[in-house]
Every structure is written in C-alpha cells, then in structure tokens.
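User: I would like to learn how to read the features of a model such as this one, step by step. Could we begin with a residue in a loop and work outward from there?

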Amino acid sequence: MLPKFSDIWQNTLNWNPNPSQQKQWDKLYHEIILANRQINLTRITEPNDFWEKHLWDSLAGILDIEIINLEQSLKVIDIGTGAGFPGIPIGIVCPNWQVTLFDSTRKKINFIKILLEELSLKNCHTLIGRAEEIGQNPSHRESYDLALIRAVGEASVCAEYTLPLLKTGGMAVLYRGNWTDEEELKLKSAIKQLGGKIALIRKLQTPLTQSIRHFIYLEKIAKTPLQFPRSIGVPNQYPL
Ligand code: SAM
C-alpha cells in the first residue's frame, strides 16, 4: 500500500485524491512492482519514493496551475512515457482528458496495455513509435492540446519532440529537475524555430525529500516548420 499523505496533497498542490483514486494508486503501484521483476520499468520502488517521485511529481505538472484547465476535454500525449509517467496518474485524475501513452519501447507499451485493462482506464490509449516519426505523421502532427515529457532528453530536444504535435494554442509541459540560465537560453533559441514561447516556469520543492523541480510550460504560438522534427536520432545528436 502507498501512503495517503492527504495533508501534503492539500498543502502543496491544493488537491485531495478521492478514495477511488487512492485505490487506483495502490493498484498501479502493485502492478508496476510485480512487472518490474521481469521488465526494467523503474528503479523507484520504495512506497514513499514511488509516491513522491512518480505520483506527486507527475501531478505537480498539471495541478493548481492557472494555465491548465482540468475541466476542459483535452487531447493529451505523454512522450516517452516509460512505465506510464506522468501520463497514467494524470489520466486517473482527469477522466475527461484523452491521454495517449507513447513510447518507442514495445515491451513497455505492452506492459502499459495490460496495466490500463487492470485499472479500467478507458480514457488512456497506447502508441508505439519514435517522436521524430509521429511528429511528421499527419494523423498526429498539430493535433494535441497538451504534450507531456519527463526524463527523455535535454530541454531543446523535448521541445522538438513536443511542439510539432501541438495545435496552435496548445501547451507542452517539460518536467525538469534543476534548471540553469544556460539551458533556458538554448531552449529559447530552439523554440523560436519551432513556433513556441515559454509561457511559464514553475519551481517547486518535492514534499518528502525537498528536491528541486522545474516545470517549463511552452505555448505553441505558430505552426512548426515542416522540417521539424528532424529524422530519427538527429534531434538528440544535434540539439537545436
Ligand atoms: N517518462 C518516464 C518517466 O519519467 O518515468 C520514462 C522516462 S525513461 C528515462 C525515457 C523513455 O523515453 C524510455 O521509455 C524510452 O523508450 C523513451 N524514448 C526515448 N526517446 C524516444 C523517442 N525519440 N521517441 C519515443 N520514445 C522515446
């Protein structure tokens, strides 16, 4: 069982999970720990750690922040979702959002398919592929309201993966740890080419271990030029 930490949810993110969401957290935790014996899904397995680094961190990107409306129906993609973070906790909290859990690793996506069945999460879907490819696929390009990305690469690479997938007016949320002026300069130069601007940078401290988190919100203000995203491997090898 995971800890509940109701006061911490309330005090840090102005939110309180209901009993059915608590049950979903426990199931999610149980299934991941079980599957972790066979597939390498996460190194974060201790209950408090899992609660803070997977659940709290995933939700900190979208809760208690004016620029994200939880009541709207949004089309959302989580790029490089891994074991389902941040997309699955967000899908549980926002049943009116349609969340695509996207990753290039078939094993992980196969696991997530089973997980979604176990959790009866009807608003979450899976997709296998590379961000560089679906960004050029007309069925996905410029079609999402919100793109989430955590622990996939440097910020300008994350921008090249997320911005082409967003509708104009859509938002990307880059989950980052520490954040430097140098990273911000590089990111600004990249998003200028991709049709984005920084809407907000939110700095938070995680509630149990007091680690620093930065959430970078990028607004898509113009269509992304067709040459982006570049071919597989290029964004990572030659970041903008
Ligand atoms: N987002 C999860 C989290 O924070 O726990 C997983 C992070 S894991 C370090 C990075 C994930 O991104 C891996 O599952 C990997 O397969 C996926 N990934 C890396 N590059 C990708 C790309 N170009 N397109 C799609 N998925 C990618």
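Analyst: This is a predicted model. We can start with Ser120, which is partly exposed, with a relative accessible area of 46%; that value falls between the 20% under which a residue counts as buried and the 50% over which it counts as exposed. Ser120 is found in the loop between α5 (106-118) and β3 (124-128).

User: What is phi of Ser120 near, and how should such a value be read?

Analyst: The general idea is that most residues other than glycine have a negative phi, and most peptide bonds are trans. In this chain, phi of Ser120 is near 50°, a positive value in a residue other than glycine. Asp64 is another case, with phi near 60°; Asp64 is found in the loop between α3 and β1 and is partly exposed, with a relative accessible area of 44%.

User: Which peptide bonds are cis, and where do their prolines lie?

Analyst: A cis bond is recognised from its omega angle, and two examples can be shown here. Phe85 and Pro86 are joined by a cis peptide bond with omega of about 5°, and Pro86 lies in the loop between β1 (75-79) and α4 (87-93). The bond from Phe228 to Pro229 is likewise cis, with omega near 0°, and Pro229 is placed in the loop between β7 (212-220) and α9 (234-237).

User: How many residues are in the largest nonpolar core, and which of them touch the most other members?

Analyst: In soluble globular proteins, nonpolar side chains tend to be buried together. Here the largest nonpolar core has 49 residues, of which Trp9, Trp25, Leu59, Ile62, Ile88, Trp97 and Leu146 touch the most other members. Helix α3 (residues 47-60) gives the most to this core, with 6 residues. A second, separate core of 27 residues includes Ile134, Leu163, Leu174 and Leu240.

User: Is Leu59 buried or exposed, and which residues does Leu59 touch?

Analyst: Leu59, which is found in helix α3, is buried, with a relative accessible area of 0%. Not counting residues up to four places away in sequence, Leu59 touches Trp9, Leu13, Trp15, Trp25, Pro89, Ile90 and Val93. Leu146 can be read in the like manner: leaving aside its neighbours within four places in sequence, the residues in contact with Leu146 include Ile68, Val76, Trp97, Leu166 and Val173.

User: How many residues of helix α7 (residues 155-162) are buried?

Analyst: A useful general point is that an α-helix has 3.6 residues a turn, so residues three or four places apart point the same way. In helix α7, however, 8 of the 8 residues are buried, so this helix is largely enclosed by the rest of the structure. Among the buried residues of α7 are polar ones to look at in the view, including Ser156, Glu160 and Thr162.

User: What does the side chain of Asn36 reach?

Analyst: The place of Asn36 is in the loop between α2 (19-35) and α3, and its side chain reaches the backbone nitrogen of Leu41 at 2.8 Å. Beyond four places in sequence, Asn36 touches Leu41, Thr42 and Thr45.

User: How many residues surround the ligand, and what polar pairs can be listed for the ligand?

Analyst: The ligand is surrounded by 17 residues, the closest being Gly80, Phe85, Asp103, Ala131 and Arg150. An N or O atom in the side chain of Asp103 is 2.6 Å from an oxygen atom of the ligand, while a backbone N or O atom of Ala131 lies 2.9 Å from a nitrogen atom of the ligand. A polar backbone atom of Ser104 is 3.3 Å from a nitrogen atom of the ligand. Taken alone the ligand exposes 600 Å², and the protein buries 78% of that.

User: What radius of gyration does the chain have, and what would a compact globule have?

Analyst: A compact globule with 240 residues would have a radius of gyration near 18 Å, and the chain has 17 Å, which agrees. The chain comes to 9 helices and 7 strands, and 54% of its 240 residues count as buried. Of the contacts between residues at least 6 apart in sequence, 71% join residues at least 24 apart.

Definitions and conventions:
Residues numbered from 1 in each chain as written. Predicted model: local features only at pLDDT ≥ 70, side-chain atom pairs only at ≥ 80, totals over all residues. Heavy atoms only, no water. Core = buried A, V, L, I, M, F, W, Y, C linked by side-chain atoms within 4.5 Å. Buried < 20%, exposed > 50% of the residue type's maximum accessible area, 1.4 Å probe, protein only. Helix = DSSP H or I, 4+ residues; strand = E, 2+ residues; numbered from the N terminus. Contact = heavy atoms within 4.5 Å. Near = heavy atom within 4 Å. Polar contact = N/O pair within 3.5 Å; in protein donor to acceptor, adjacent residues only side chain to side chain. Areas by Shrake-Rupley, 256 points an atom, 1.4 Å probe, with all protein chains shown as cover. Rg over C-alpha atoms; globule rule 2.2 N^0.38 Å.
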